[in-house]
Amino acid sequence: MKGLINCANNIALDQLKGLVASRPQLRLNEEPRYVWHEQSPNQVALVAGGASGHEPLNTGFVGQGMLSGACPGEIFTRVTPDQIYECANKVKSDNGVLFLVQNYVGDIINFKLTVELLHADGIEAGFVLIDDDVAVIDSLYTQGRRGSAGMVLMEKIIGAAAQKGYSLEECEKLGRRVANNCRSIAVALESCTVPASGLPTFTLNEDEIEFGVGIHGEPGSKKIPYAQADDLVDQMFISLKENISYERPLIAWDRKEGMWNERYSQVDEFKPGQEYIAIVNGLGSTPESQLYIAYKQLFSNCQNEGYHIARSLIGNYCTAIDMQGFSITLLKADKEILELFDAPVDTAALRW
C-alpha cells in the first residue's frame, strides 16, 4: 500500500505527535500513551479510548467542551489498562472521572478493571457504554451491538454537561439516555487496509456492498448489490427506523458498594414529530461531496416520516482507516440534549 507513513509500526505515535504539535493546549504522554488537556478541577473529567484507526475519534475530540483525555491503542488494537489508569490519574478532578466506552469486549474488560483500580485508590469513577450500531445484535467482538459514530455525540453532549457543572451521577444518567436514543448503520463499498499487513481486511466483488459493516471492517448483516446513492440511503434509513426490539446492556459501577450492576434496558422508540441530531459520517475514503449526496436523501426520508432533523454533522468523525463507505447516525433529542450539543466546543476536529 501507499500512504503518508514512515514506519507501519509507528503510525499511531507519529500521528499523535502531529496532533499535539498542531494544538499547543494538548499534551502527549508517550509511555503509556495518552493525550490530555488542562481543565477546571471543578468539573467531571471525561476519558475515552480504543483502537487507533478511527481518527478523529477519540484523540481529535480532546479539548474544551468534550474530552479531558483519550487513550489510543495501536491500529485496530484495544487500549490497555495502564494507559487508561495513568490518563485517569492525570485528568482526575474532585468531582470524579467518567469513562465513555464503545461496546467491544476487550475495551469493556480493561475499562472496568481501571474503574476498580481507581476505586481502590479512593477516586470516584463512572462508566457509560455506547452500543449504537443496529446492524447486528451480537458480533465477533461484542455481546450486544457494536459501538459506532454515536460515540461522537456522546462525547460532545456529556462534555458540555461536565463543563456546565453536572455531577458524576448526572453525567452517567445523561450518557445512558443518549445511548438509549442513538442508532447508527454503516456500509462499505471497499475494504480498509491495515498498514501493518498492507492487505484489505475483507473482499467485495465489484457489484457488492457490505451492508452493516463494523468500524474495524467486521462483517455486516448481509452483502447487497451495488445501488445508487438514494436507494442505498433508503435501505439504511429503514434499518434505523425499524430497529427497536433490542434490550441493551446497562453496565453500572455502584460506587457505594464497590461492585458492578449489570442489567438490561429497552431502547427508546423513534417516532414522527420528534427532533433528531443526524451524522452522515465518512469512513475514511469517501469524498465529502458524496456525503452531502447521502445527506440529501436522508433529509428527504426524515421529512417524509415526520422526523425533524434539528442539527446535523457531515464529514469524517469516526473512520475505519481508509475504508470507502459511510455511516448514518440518528439521535433522538430533547431540549436539554440540543442545548448541550449547541454549547461551545474547541477541539482539533470539532469547534464552534
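**Exercise 1. The open sheet**

Task: In what order do the 6 strands of the open sheet stand, and which strands stand at its edges?

Solution.
1. The model is predicted. In it, 6 strands make an open sheet, ordered β1-β2-β4-β3-β5-β6. Their pairing is mixed.
2. β1 (26-30) and β6 (125-130) each have a single partner strand, so they stand at the edges, and one side of each is left without a neighbour in the sheet.
3. Neighbouring strands are turned by 20° against each other on average, direction ignored.

**Exercise 2. One edge pairing**

Task: How many bridges join β1 to β2, and do the two strands run parallel or antiparallel?

Solution.
1. β2 covers residues 33-37. It is joined to β1 by 5 bridges.
2. The two strands run antiparallel.
3. Locate N29. Its opposite residue in β2 is Y34.

**Exercise 3. Helices on the sheet**

Task: Which strands does helix α3 touch, and which does helix α4 lie across?

Solution.
1. Take α3, residues 105-120. This helix packs on the sheet and touches β3 (45-52), β5 (97-102) and β6.
2. Compare directions. That of α3 makes about 170° with that of β5.
3. Now take α4, residues 150-164. Helix α4 lies across β3, β5 and β6. It runs at about 170° to β5.

**Exercise 4. Helix α6**

Task: What span should helix α6 have at 1.5 Å a residue, and which of its residues are buried?

Solution.
1. α6 has 14 residues, 229-242. At 1.5 Å a residue, it should span 20 Å.
2. Check the ends. The end C-alpha atoms of α6 are 20 Å apart, which agrees.
3. List the buried residues of α6: L232, V233, M236, F237, S239 and L240.
4. These residues lie on the same side of α6, because they cover an arc of only 160° around the axis.
5. Recall the helix geometry. An α-helix has 3.6 residues a turn, so residues three or four places apart point the same way.
6. Find the packing partners. The buried residues of α6 pack against β7 (182-190), β10 (208-211), β11 (222-225), α7 (288-305) and β16 (324-333).

**Exercise 5. The whole chain**

Task: What radius of gyration would a compact globule with 352 residues have, and what is that of the chain?

Solution.
1. Count the elements. The chain has 8 helices and 16 strands.
2. For 352 residues, the radius of gyration of a compact globule would be near 20 Å. The chain has 19 Å, which agrees.
3. Along the principal axes, the C-alpha atoms fill a box of roughly 55 × 50 × 35 Å.
4. Turn to burial. Of the 352 residues, 58% are buried.
5. Look at contacts between residues at least 6 apart in sequence. Of these, 71% join residues at least 24 apart.

Notes:
Residues numbered from 1 in each chain as written. Predicted model: local features only at pLDDT ≥ 70, side-chain atom pairs only at ≥ 80, totals over all residues. Heavy atoms only, no water. Helix = DSSP H or I, 4+ residues; strand = E, 2+ residues; numbered from the N terminus. Expected span 1.5 Å × (residues − 1). Buried < 20%, exposed > 50% of the residue type's maximum accessible area, 1.4 Å probe, protein only. Arc of directions from axis to C-beta. Contact = heavy atoms within 4.5 Å. Pairing = 2+ DSSP bridges. Axes fitted to C-alpha atoms, helices over the stretch in contact; angles between N-to-C directions. Rg over C-alpha atoms; globule rule 2.2 N^0.38 Å.
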